[in-house]
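Biologist: Before I ask anything, please put the chain on the screen.

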Amino acid sequence: MKRVALVLACAALASAAHAGGDDDTSKQSYRAVLDRVDLEPSSLTGYRLRVYLSALALQGQLLDLTDPKSIKLYLGNSEKKAVYALGTYDGTGADTAIVFMVQTSVDYGDALPQIADSLEHDVIATFNEHTQVAIMPFGETSGPGKFMSPKSWKGKVQLATDNSAGDPALLDTLDRALRLLKKAKTEPEGKPLRKIVVILGDGRDMAGDKDRVTRAGKRADKEGVRIHTIGYSPNDVRRPMLALGELSKRSLGTFRWVRKAGQESWKAAFQQLRDEINKQNVITYFVTASDDVAGKKLHIVTVGRTETMSNELKVPSSPTCGGKDCASGYCAAGKCVQYKGGGGWGVLGWLVVILGILVGIVVVLGVIGFAMKKLEETRVHQPQVPGQKKEKKPKKGEKPAVAPGLLPNGRPIPALLILSGPRTGERHLLFNGYLIGKQPGCNLIIEDGYTSSQHAQIGMDANGICKLYDRGSTNGTYLNGVRITETPLEHGNTIRIGSTEMRFLAE
């Protein structure tokens, strides 16, 4: 019974990372943690408010937040209703740096080959090119760590015991991992970077200082580092795992427990960790300047069967893009694009200029219309000159010119609204033969590791009826979550190609 109580205490420590310091244990079975909030200017929709949210069950499973009613956004104490798109972290192109700390004392000798195999194939191999990974083995001393790309680690994740039998240098190695994360670089420099430490061990530390454990967890949280821990004791000694739970609790990370040695046990734990990292929810709200969100404190509440409340973060006081100020431009594919024309007028100045141009056009058109009316009246009253040809009248049944943005039948031209990825919020008008893929020359270029050169194509007839065709892609084309080969499109359908989701709009 004592062992059961101890394990439950470890799990409670991890779930206590529930934001806001809520001590109500009845709501501890789920947790929601905000990692980051970005405010980006958009060329079409005003601003994009991006919220990076980890929503998990106590055992580490991802929560399903696809129901639009399951997520509520709060600014201060007031709920804010806004249109949003729900995506995942691996589809954003954002940067991540991860340090894996693996205990290599003599009692871990049998487990290390299994850990190395699962760590390489079930976790590191799934990361995209925007992730940098370091591995730090530790026993009584700790090995060096160096950041490399996921591809560079292929076939190189090798872990061997250092034959140390004493308590390992857990906290000393954690200090080195935090220093290494401070040196992690991004391209361009200053781009936001998600920082993670993953600890695999039994929780023992040579210092035996409980207060130092708490301080280390708080330091990590202050530096924006999440500590995810995986506890495993070859000798079935579980009390030290409380230290791992404390590190996760204080840094708003997660704790997992591998109960039995074996490849399947490690595989299950690593796959959960992989999903937590790659499939973190990215909620993009579309707001305007009148919504007044800049500088306010924000939190998320999940409702329904998975009720929980996140921690609180402050919305940036001014719009940024890729970590740099972008108040006088708009954000596209992670880069701040300045409005053409120079002069430093900013968005408001350009709106005034555009409004002035529109007013001028209306006045000019009015003058032209008045002049043409007078000319027509003059021509009506003029006598017909002998031999002069009369103007041809429009043929019977001849269709009037089509209005811009409309099809001949008067319907709007169908479009795609990008819901995830670096191009989130962009709207693309369609036409017959619209090609999607990563090859230059495609009408919509998606550059990720999951999209084929010419992945899919959209056909459209004269009435705007569209069909989606998969062009023999490797990873498939999905409509509303179902893989398709050829299918008609209806308004509101969700299309997924590679790591990008988009919505088909026909109205």
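Biologist: Is R250 buried, partly exposed or exposed?
Modeller: Buried means under 20% relative accessible area, exposed over 50%, and partly exposed in between, with a 1.4 Å probe and protein chains only. R250 has a relative accessibility of 29%, so this residue counts as partly exposed.

Biologist: What kind of model is this?
Modeller: Residues are numbered from 1 along each chain as its sequence is written, and side-chain values use heavy atoms, without hydrogens and water. Local features need pLDDT of at least 70 and side-chain atom pairs count only at pLDDT 80 or more, while totals for chains, interfaces and linings use all residues, because the model is predicted.

Biologist: Which residue meets the side chain of R250 in a salt bridge?
Modeller: A salt bridge here is a side-chain nitrogen of Lys or Arg within 4 Å of a carboxyl oxygen of Asp or Glu. The partner is four residues away in helix α5 (residues 241-251), about one helical turn. That partner is buried, with a relative accessible area of 13%. At 2.8 Å, N to O, the residue paired with R250 is E246.

Biologist: Which residues form a salt bridge network with D172?
Modeller: The structure holds 23 salt bridges. Some of them share partners and so join D172 into one network with D175, K182, R212, R219 and E223.

Biologist: How many residues apart in sequence are the parts that R204 and D167 tie together?
Modeller: The side chains of R204 and D167 meet in a salt bridge at 2.7 Å, N to O. R204 lies in the loop between β8 and α4 (210-222), and D167 in the loop between β7 and α3 (170-182), so the parts tied together are apart by 37 residues.

Biologist: Which other residue has a salt bridge to R204?
Modeller: This pair meets at 2.8 Å, N to O. Both of its residues are buried, whereas D167 is partly exposed at 36%. The partner of R204 in this pair is D202.

Biologist: How far apart are the end C-alpha atoms of helix α2?
Modeller: Helices (H or I, at least four residues) and strands (E, at least two) are DSSP runs, numbered from the N terminus. The expected span is 1.5 Å times one less than the number of residues. For the 12 residues of α2 (residues 112-123) that gives 16 Å, which agrees with the separation in the model, 15 Å.

Biologist: How many strands does the protein chain have?
Modeller: Of its 507 residues, 45% count as buried. The chain has seven helices, and its strands number 29.
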